[in-house]
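Work through the exercises below with the model open. Try each task before reading its solution.

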Amino acid sequence: MCVCVCVFTQGLVHCSEMLHIPVLTFVTLSLALLSRQTLGAQYGDWDELQPTIQKLMKGYNRYLRPDFNGSPVEIGMSLDIASIDAISEINMDYTATIFLRQRWRDSRLVFPGNESVSVDGRLVSLLWIPDTFIPDSKRSFLHDVTVENRLIRIFSNGSVLYALRITATIACNMDLTKYPMDRQVCTLQLESWGYNLQDVVFYWARGNDSVRGLDTLRLAQYSVESYYTSVTQAVYETGLYPKLVLHFALRRNVLFFILETYVPSILLVVLSWVSFWISQSSVPARTCIGVTTVLTMTTLMMGARTSLPNANCFIKAIDVYLGICFSFVFGALLEYAIAHFCSVQHQTIADLQRDLRKEEAEGNGARPALSSTHSSQLMPLDHAQQEEGGQSADGEGGAVGGAQGKGRGLGSVREALRKAAAAFSVQNPHNIDRHARTIFPLSFLIINILYWLYYLFL
């Protein structure tokens, strides 16, 4: 291929005659000249750089990876976790500030000696660097106070250390079914954007020791339980790409929630039991306690849900406990309603039975008085009996027998009504409160034992 080669020198363009050179060589030479021109535009004249850097950058092409068309570049990674600023259950993510360090070897940067050269971070635009990215990142930025927080160090054997400080908000899928006794496992993933496994290979520089800072990290609601690293690969439609993953487990500190939610809920349940020792006749006192505890429990349940995601798929442990406490508080109020109803019913039945006994006593007292009168002392017959004076003695006996049959029928009906009322009534309504004083605390204790065993150990 015949091309005309032009060289930029001190602002002047010098073109040579037509040369026969391969296409790849021409492209490489053009990119090298472009890199030299960019360097001169950013940092002044090429000759003003240090001799070592000038020699290294001469003919260097940052658009081609080391060992182009050869073996893949091995890139070692290490992390320093400076802080985890926020963990959001609503957005299901966490924000972390990390120091990311990458190491690889570039044979084009070999220079004599045993020293290393630390160059300005702004020279990163002149070197080839890996296209590492965080796939689960929602937002991220590179710190730039007072300058961009980058470090480039070149060693004599061609090894390059590239470090930078970034803050990223990273997604973390959380299972909140055991909230607040939950344990979340989050990940920090590092992948190559454009270079597949044939071009670059990622590995942790020192295994699990490649990650520092998690052991001494202090969080508001969590504590770092464990962490480990893994090497895998990302599968996409365009091929296989290198991937490094940091797994770390976070255990939520439940003490805050015990003091904030669980203890007030337990105290409200115990407060609702006070009504069992108050007389059933004190309607305002028992009603006030029941309604107040129910409303307070409702307010506590609403406040506990404000900091949680409105996800219908999660029935959280704290929701279960608040539901149990609300059931006991509402049950105490319902218990008084039942006890008061039975007391009123019992009083009504007692009054009815007293009236029936009084009527029976009056009826039994009239019949002996009538039978004890002597035949010689009988009162004169009334007008009806006088009109029926012509009836025979047998007719009088039949009338007396019919009256006695009606009396027996009315007594049997009253007895049946009395038995039916006794079957649907409580003999002593005060026994309801006595049984509730034992059943409610014992049931609440058993349910608490089962609840804490399940959510803490299962």
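**Exercise 1. Which residues form a nonpolar patch on the surface, and what is their accessible area together?**

Two notes on the basis come first. This is a predicted model, where local features need pLDDT of at least 70, side-chain atom pairs count only at pLDDT 80 or more, and totals for chains, interfaces and linings use all residues. Residues are numbered from 1 along each chain as its sequence is written, and side-chain values use heavy atoms, with hydrogens and water left out.

Solution. Step one: apply the criteria. Patch residues have over 30% relative accessible area and no salt bridge; nonpolar side chains (Val, Leu, Ile, Met, Phe, Trp, Tyr) are joined within 5 Å, like charges within 9 Å. A salt bridge puts a side-chain nitrogen of Lys or Arg within 4 Å of a carboxyl oxygen of Asp or Glu. Areas are Shrake-Rupley values with a 1.4 Å probe, and for residues only the protein chains shown count as cover. Step two: list the members. They are Leu445, Ile449, Leu453, Tyr454, Leu456, Phe457 and Leu458, with about 770 Å² together. Step three: place one of them. Tyr454 lies in helix H8. Its relative accessibility is 44%, so Tyr454 counts as partly exposed (buried is under 20%, exposed over 50%, partly exposed in between; 1.4 Å probe, protein chains only).

**Exercise 2. Check the length of helix H8, then find its kink and its buried residues.**

Solution. Helices (H or I, at least four residues) and strands (E, at least two) are DSSP runs, numbered from the N terminus. Expected span is 1.5 Å times one less than the number of residues. For the 28 residues of H8 (430-457) that gives 40 Å; the end C-alpha atoms lie 41 Å apart, which agrees. A kink of about 30 degrees is centred on Ala436. The bend is the angle between axes fitted to the seven residues ending at a residue and the seven starting there. Ala436 is also buried, as are Asp433, Phe440, Phe444, Asn448, Tyr451 and Tyr455.

**Exercise 3. Trace the open sheet that contains E6.**

Solution. The order is E6-E10-E14-E13, with antiparallel pairing. E6 (132-133) and E13 (222-236) are edge strands with a single partner each, so one side of each has no neighbour in the sheet. Pairing requires at least two DSSP bridges. E6 and E10 (183-192) share 2 bridges. Phe133 has Glu191 in E10 as its bridge partner.

**Exercise 4. Where does the backbone depart from the usual?**

Solution. Most residues other than glycine have a negative phi, and most peptide bonds are trans. Asn69 has a positive phi of about 65 degrees. Asn69 is exposed, at 66% relative accessible area. The bond from Val145 to Thr146 is cis.
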